[in-house]
Amino acid sequence: MTYLEKAQDIYNMLGQGQLLDAFDKYYADNVVMTEPRGTRESKAVCRDYEVQFLNSIQEFHDLQVTGIGSDEANGTTFVESMMEVTFKDGNRVKMEQVAVQKWEGDQIVHERFYYEQ
């Protein structure tokens, strides 16, 4: 699979409610995830963060990939997406972001998220 195909597979899995399965399959043990709110290091720490995020959601309404691409020679993918959810506190939000993923082999070793806070 190309890096683009791997990135597409991740978001296909997310659309089927398989966020943790995609995470387990495609993220390296030494992954670093960076976003405006901070940086997390290691697969275990990042996975715990994803579990907490999922546990805060009452209902998923929509997930769309609005742009996707890759730099195959440098092992980089980028995905622009939108997700709409209702959190358990009743707050319904539409979240838009761009994720830039750096791959080594079959796994992501660094992912940076860009979004408005």
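Guide: Helices (H or I, at least four residues) and strands (E, at least two) are DSSP runs numbered from the N terminus. You're looking at a predicted model, where local features need pLDDT of at least 70 and side-chain atom pairs count only at pLDDT 80 or more, while totals for chains, interfaces and linings use all residues. Residues are numbered from 1 along each chain as its sequence is written, and side-chain values use heavy atoms, with hydrogens and water left out.

Visitor: Let's start with A22: buried or exposed?
Guide: A22 sits in helix α2. The cut-offs are under 20% relative accessible area for buried, over 50% for exposed and partly exposed in between (1.4 Å probe, protein chains only). A22 has a relative accessible area of 1%, so the label for A22 is buried.

Visitor: And what is A22 in contact with, leaving aside its neighbours within four places in sequence?
Guide: Contact here means heavy atoms within 4.5 Å. On the C-alpha level, A22 and D9 are 8.1 Å apart in space and 13 residues apart in sequence. With neighbours up to four places off left out, the contacts of A22 are I10, M13 and Y27.

Visitor: Which residues is D9 in contact with, leaving aside its neighbours within four places in sequence?
Guide: D9 belongs to helix α1. This Asp counts as buried because its relative accessible area is 19%. Sequence neighbours within four places aside, D9 is in contact with M1, K25 and Y26.

Visitor: α2 and α3 pack together, but are they roughly antiparallel or roughly parallel to each other?
Guide: The axes of α2 and α3 are 11 Å apart and make an angle of about 170°. Axes are lines fitted to C-alpha atoms, for helices over the stretch in contact, and angles run from 0 to 180 degrees between N-to-C directions. Under 35 degrees counts as roughly parallel, over 145 as roughly antiparallel, 65 to 115 as roughly perpendicular and the rest as oblique. That is why α2 and α3 come out as roughly antiparallel.

Visitor: By class, how many nonpolar, polar and charged residues does the contact of α2 with α3 have?
Guide: α2 brings L19, L20, F23 and D24, and α3 brings K43, C46, R47, E50, V51 and L54. For the classes, Ala, Val, Leu, Ile, Met, Phe, Trp, Tyr, Cys and Pro are nonpolar, Asp, Glu, Lys and Arg are charged, and the others, Gly among them, are polar. The tally for this contact is six nonpolar, no polar and four charged.

Visitor: Which residues does E50 touch, not counting those up to four places away in sequence?
Guide: E50 is part of helix α3. At 12% relative accessibility, E50 counts as buried. Between the C-alpha atoms of E50 and N74 there are 27 Å, with 24 residues of sequence separation. Beyond four places in sequence, E50 touches L19, L20, F23 and M33.

Visitor: What about the largest pocket: which residues lie nearest its centre?
Guide: On a 1 Å grid over the protein atoms alone, a pocket is an open set of points where a 1.4 Å probe fits, with protein on both sides within 12 Å along at least five of seven lines; lining residues have an atom within 4 Å of a point. Elements giving two or more residues to this lining include α1 (3–15), α2 (19–26), α3 (43–55) and β4 (76–87). The lining has 20 nonpolar, seven polar and 10 charged residues. In total 37 residues line the pocket, and nearest its centre are E50, F53, M83, M95 and Q97.

Visitor: Where is the place of S42, the one with positive phi?
Guide: S42 isn't a glycine, yet its phi is positive, near 95°. At 26% relative accessibility, S42 counts as partly exposed. Its place is the loop between β2 (38–41) and α3.

Visitor: Which residues does E35 touch, not counting those up to four places away in sequence?
Guide: E35 lies in strand β1. It is buried, with a relative accessible area of 10%. Past four places in sequence, E35 touches R40, Y49, F113 and Y115.

Visitor: How about E80: which residues does it touch, not counting those up to four places away in sequence?
Guide: E80 is in strand β4 and is partly exposed, with 39% relative accessible area. The C-alpha atoms of E80 and Y114 are separated by 9.3 Å, though their positions lie 34 residues apart along the chain. Sequence neighbours up to four places away excluded, E80 touches Q64, V65, T66, G67, Q97 and V98.

Visitor: Last one, E116: what is its relative accessible area?
Guide: E116 falls in the segment after β6. The C-alpha atoms of E116 and Q97 are separated by 7.8 Å, at 19 residues apart along the chain. E116 counts as exposed because its relative accessible area is 77%.
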